[in-house]
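Work through the two exercises below with the model open. Each task is followed by its solution in steps.

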Amino acid sequence: MTAPASPSLAPSLSTQLRATARCVRAVGEGRSLSDVLPEVSPALRPGVQALTFHVLRHLGMARALVALLAERKPQAAVLGLLHSAVALLLEPTDGVRYAPHTVVNQAVEAARADRATERQAPFVNACLRRFLREQADLLAEVERDPVARWNHPLWWIERLRRDHPEHWQAILMANNQPGPMTLRVNRRRTDRASYQQALQAVGLVSTAVGSDGLELATPQPVERLPGFAQGHCSVQDAAAQMAADLLLEGRDWSRADRVLDACAAPGGKTAHLLERADVDLLALDVDPERCERIQETLGRLGLAAEVRCADAARPPTWWDGRPFDAILLDAPCTASGIVRRHPDVRWLRREADVAALVAVQRTLLKALWPLLKPGGHLLYATCSVFRAEGSEQVQAFLEHHTDAIVRPSVGHLLPGLSVASGEFNDNHSGGQDGFFYTRIDKATP
């Protein structure tokens, strides 16, 4: 006699949709997914994160369609569920796909299971079935809306068109695709060729990128990565891995050299610098919890640095008066270059944030430049594709500092593109995030 099959322990789509709708609502209310997702139960979290990322990549279109489907704006709980369900009915760009009838049935079940939406279950059913019947006409109508077409706020689209007139469409399309998973091999523990073989031994295919990177063919939980707990590798995008090369290039380094990582959390670039060179490194961050993350990162990798909770823009509160040979300023920014990995960013940012962050970056540059030795290196970086936070920021700095010398650098890297308007392309597949780098050396007297 055959034993009955065990019931699946995987949560139902309706259960995941309820949690997804709450996450989408929270983003609409201004909360970051980094804060919201930890509130989801561990059993649900992986599936809900995948669904929420998908919805946020299609949220402009979903909002426009729901506005056509519902004559009156529904209450917030119903609206979040409708946005989530409609997004799942759209053509996927990230591999998330369900049969249309499954989505409709499970969305209705989700509505019935929640006291805040149970009376609206027939309304949810009617809206979604109407969408399936009239899908072609509805999509044609909203396609004229740029926010729906590109799934980004209008101000964001217009800024990209000004900043990157030849590539703005490619950037927007790349932002709606998941980014690849890239590893950084820890030179202190192993070498890239050996680690690539270790990956192959457990069935993981990878491609070399940059100096220390391996891009995985398929993203994996870190628990599947051989030697991860022992510090053999870290997860870090190919663009972020360029910082160490750019800052350290051009001289030999020793423990006598002082290096400042001014905005260091969570510590990926700090660690890469220490993997590449024996230096006396000070890592700063203004947030105590983020400083703990730096320490955890360094501990796993077997590295050591002085980590201090301090505001880099206020040197009198932390600087001992000894100048630095090199400074990495990975400045706070809009994060407009890492939208593939953080799809909530586009819906959280406001146009006014750009000017506010540009002012912060300017303050940091002005405060840190006097701390650099003559002949020293300062690498200015942002994970942004907006020129106000990149090339325009550097140009403004140069106009006020005659002792600043710009070295050949990356400039603006664009997400998903191997070449940014003829700018730097250093052995990357084109899968890197959007970033900006300029190295500025201080002239010697």
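**Exercise 1. What volume does the largest cavity have, and which residues line it?**

Step 1. The volume of the largest cavity is about 90 Å³ in this predicted model. The structure has two cavities of 30 Å³ or more.

Step 2. List the lining. Arg18, Ala21, Arg22, Arg25, Ala77, Leu81, Ala110, Asp114 and Thr117 line the largest cavity.

Step 3. Sort the lining by class. Four residues are nonpolar, one is polar and four are charged.

Step 4. Assign the lining to helices. Helix 1 (13-28) and helix 5 (76-89) each supply at least two residues. Helix 1 gives the most, with four.

**Exercise 2. Find the strand order of the seven-stranded open sheet, then place helices 13 and 17 against its strands.**

Step 1. Read the order: 7-6-5-8-9-11-10, with mixed pairing.

Step 2. Find the edges. Strand 7 (306-309) and strand 10 (404-413) each have a single partner strand, so one side of each lacks a neighbour in the sheet. On average, neighbouring strands are turned by 15° against each other, direction ignored.

Step 3. Check one edge pairing. Strand 7 pairs with strand 6 (280-285) in the parallel sense, over four bridges. Leucine 282 has glutamate 306 of strand 7 as its bridge partner.

Step 4. Place helix 13 (268-276). It lies across strand 5 (258-261), strand 6, strand 8 (324-330) and strand 11 (435-442). Helix 13 runs at about 180° to strand 6.

Step 5. Place helix 17 (391-399). It lies across strand 9 (372-382), strand 10 and strand 11. Helix 17 runs at about 15° to strand 11.

Terms used
Residues are numbered from 1 along each chain as its sequence is written. This is a predicted model: local features need pLDDT of at least 70, side-chain atom pairs count only at pLDDT 80 or more; totals for chains, interfaces and linings use all residues. Side-chain values use heavy atoms; hydrogens and water are left out. On a 1 Å grid over the protein atoms alone, a cavity is a set of points where a 1.4 Å probe fits but cannot get out, and a pocket is an open set with protein on both sides within 12 Å along at least five of seven lines; lining residues have an atom within 4 Å of a point. Grid points are joined across faces, edges and corners, and a volume is the space filled by probe spheres set on the points. Ala, Val, Leu, Ile, Met, Phe, Trp, Tyr, Cys and Pro count as nonpolar, Asp, Glu, Lys and Arg as charged, and the others, Gly among them, as polar. Two strands pair if DSSP finds at least two bridges between them. Axes are lines fitted to C-alpha atoms, for helices over the stretch in contact, and angles run from 0 to 180 degrees between N-to-C directions. Contact means heavy atoms within 4.5 Å.
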